[in-house]
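Visitor: I would like to learn how to read the features of a model such as this one, step by step. Could we begin with the cysteines?

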Amino acid sequence: MVLKYIFLSIFLVLSHCSHNGDFMNDRLGEKLKGGSAVSSGLSLSEEDCPPMTPCEELKYPCITCLFNETCVYGNITTAKCNARMKCKGIPKFERKYICRFCYQTERWEHKCVEKGSCDSVASPRAYYRTNCTVHDDVLCLGRRTFARNIPCNWTGGHRWSTALFLSITLGGFGADRFYLGYWQEGIGKLFSFGGLGVWTIIDFILIAIQYLGPADGSLYI
C-alpha cells in the first residue's frame, strides 16, 4: 500500500516537470523569434492574407520569422521566415531587415493611438504616453506593440482664417472668442462692446500671430 502511494507521488512529480518543461520550451521558442512570431493558434482571414500570394510578398501576421538577436544595431541583417498559409513559391525564404527593436523604429514605420485630451500649444511642449504598433511590412526585434511618449499635436477643427475673419468683422461682439471656445471672455467682450475697441484690437493681433488659439488646447487647421 505504501509502495503504491510512493509510485503515485513520483508519477505526479514527473508529469508536473514535463508540463513545465514544455511551457519553458514554448517561451524560449518565442524569445528566439524576437517576440514577433505569431502563435500557431491564431486564425488568419483571407482579408489579412490573400490566398496564393507570392511567398516573398507576405507580411505580418502571415509569416513567422526567426531573428538573429546577436546582430549589431543599425546593420542590415537577414531573418529566416516561414509562410503560415498557402502561397506561390517557396514557403521558406529569407528577408532583410534593420537590426533594431520595434520601439526603435522611425515614426513613419509605426502607428500610434492618438489622443485629443492634451494641450498642443503648451510651453514647454506637452507629451502623452500611448500605444504604438509597427506596420505589417516592418520586421523588428521584440514586441510589435509598445508604449511611447509622443508630442501633443492635434486639432479640434478650428480654422485660423475663420477666427481672423471673425475678429475683423464681429470682434467687437466677441464672435472670435465664442468661436475659439472662450465663452466667458466672449460674453464680457459682447457687453463691453469689445472693451471700447481696445480689446478688439488686442485680440485681432493675438489671433493674427496665432498666440491666441482654441480654448481646448488644439492647433489651428
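Guide: A disulfide is a covalent bond between the sulfur atoms of two cysteines. In this predicted model, one such bond joins Cys55 to Cys87, with an S to S distance of 2.0 Å. Cys55 sits in the loop between strand E1 (53-54) and strand E2 (63-66), while Cys87 belongs to strand E4 (residues 87-88), so the bond ties together parts of the chain that are 32 residues apart in sequence.

Visitor: What is the handedness of the disulfide between Cys55 and Cys87?

Guide: The torsion about the S-S bond of Cys55 and Cys87 is about 90°, and the disulfide is therefore right-handed.

Visitor: Are Cys55 and Cys87 buried or exposed?

Guide: The cut-off to keep in mind is that a residue is called buried when its relative accessible area is under 20%. Cys55 has 0% relative accessibility and counts as buried; Cys87, at 12%, counts as buried as well.

Visitor: How many disulfides does a search of the whole structure find?

Guide: The search finds six disulfides, and two further examples are worth reading in the same way. Cys71 is joined to Cys99 with an S to S distance of 1.9 Å, and the torsion about their S-S bond is about 75°, so this disulfide is right-handed. The pair links distant parts of the chain, with Cys71 in the loop between E2 and strand E3 (76-83) and Cys99 in the loop between strand E5 (92-98) and E6, 28 residues apart. Both Cys71 and Cys99 are buried.

Visitor: And the other example?

Guide: That disulfide joins Cys112 to Cys132, again with an S to S distance of 1.9 Å, and its torsion of about 105° makes it right-handed. Cys112 lies in strand E6 and Cys132 in strand E7, so the bond ties together parts that are 20 residues apart in sequence. Cys112 and Cys132 are both buried.

Visitor: In which order do strands E6, E7 and E8 lie in their sheet, and is the pairing parallel or antiparallel?

Guide: Strands of a sheet pair through backbone hydrogen bonds, either parallel or antiparallel. Here three strands form an open sheet in the order E6-E7-E8, and the pairing is antiparallel. Strand E6 (110-112) and strand E8 (145-151) stand at the edges, each with a single partner strand, so one side of each has no neighbour in the sheet. From one strand to the next, the twist averages 40°.

Visitor: How many bridges join strand E7 to E8?

Guide: Seven bridges join E7, which covers residues 127-134, to E8, and the two strands run antiparallel. To follow one of the bridges residue by residue, begin at Arg129, whose bridge partner in E8 is Asn149.

Visitor: Which backbone angles deserve a second look?

Guide: Two kinds can be picked out here, namely a cis peptide bond and positive phi values. The peptide bond from Tyr60 to Pro61 is cis, with omega near 5°, and Pro61 is placed in the loop between E1 and E2. Met52, although not a glycine, has a positive phi of about 60°; Met52 is located in the loop between helix H1 (2-32) and E1 and is partly exposed, with a relative accessible area of 44%. Leu196, also a residue other than glycine, has a positive phi near 55°. Leu196 is found in helix H5 (residues 193-196) and, at 77% relative accessibility, counts as exposed.

Visitor: How should I read the confidence values over the chain?

Guide: The mean pLDDT of the protein chain is 79, and 76% of its residues reach 70 or more. Over residues 1-8, however, the pLDDT is below 50, and this stretch has zero contacts in the model beyond near neighbours in sequence. Over residues 16-41 the pLDDT also stays under 50, but the model has 28 contacts beyond four places in sequence for this stretch.

Visitor: How many helices and strands does the protein chain contain, and what percentage of its residues is buried?

Guide: The protein chain contains six helices and eight strands, and along the sequence they follow the pattern α-β-β-β-β-β-β-β-β-α-α-α-α-α. Of the 221 residues in the chain, 32% are buried. The accessible surface comes to about 14,700 Å², of which 61% belongs to carbon and sulfur atoms.

Notes: Residues are numbered from 1 along each chain as its sequence is written. This is a predicted model: local features need pLDDT of at least 70, side-chain atom pairs count only at pLDDT 80 or more; totals for chains, interfaces and linings use all residues. Side-chain values use heavy atoms; hydrogens and water are left out. Two strands pair if DSSP finds at least two bridges between them. Helices (H or I, at least four residues) and strands (E, at least two) are DSSP runs, numbered from the N terminus. Axes are lines fitted to C-alpha atoms, for helices over the stretch in contact, and angles run from 0 to 180 degrees between N-to-C directions. A disulfide is a pair of cysteine sulfur atoms within 2.5 Å. Buried means under 20% relative accessible area, exposed over 50%, partly exposed in between (1.4 Å probe, protein chains only). pLDDT is the predictor's confidence in each residue, from 0 to 100. Contact means heavy atoms within 4.5 Å. Accessible areas come from the Shrake-Rupley method with a 1.4 Å probe; for residues, only the protein chains shown count as cover.
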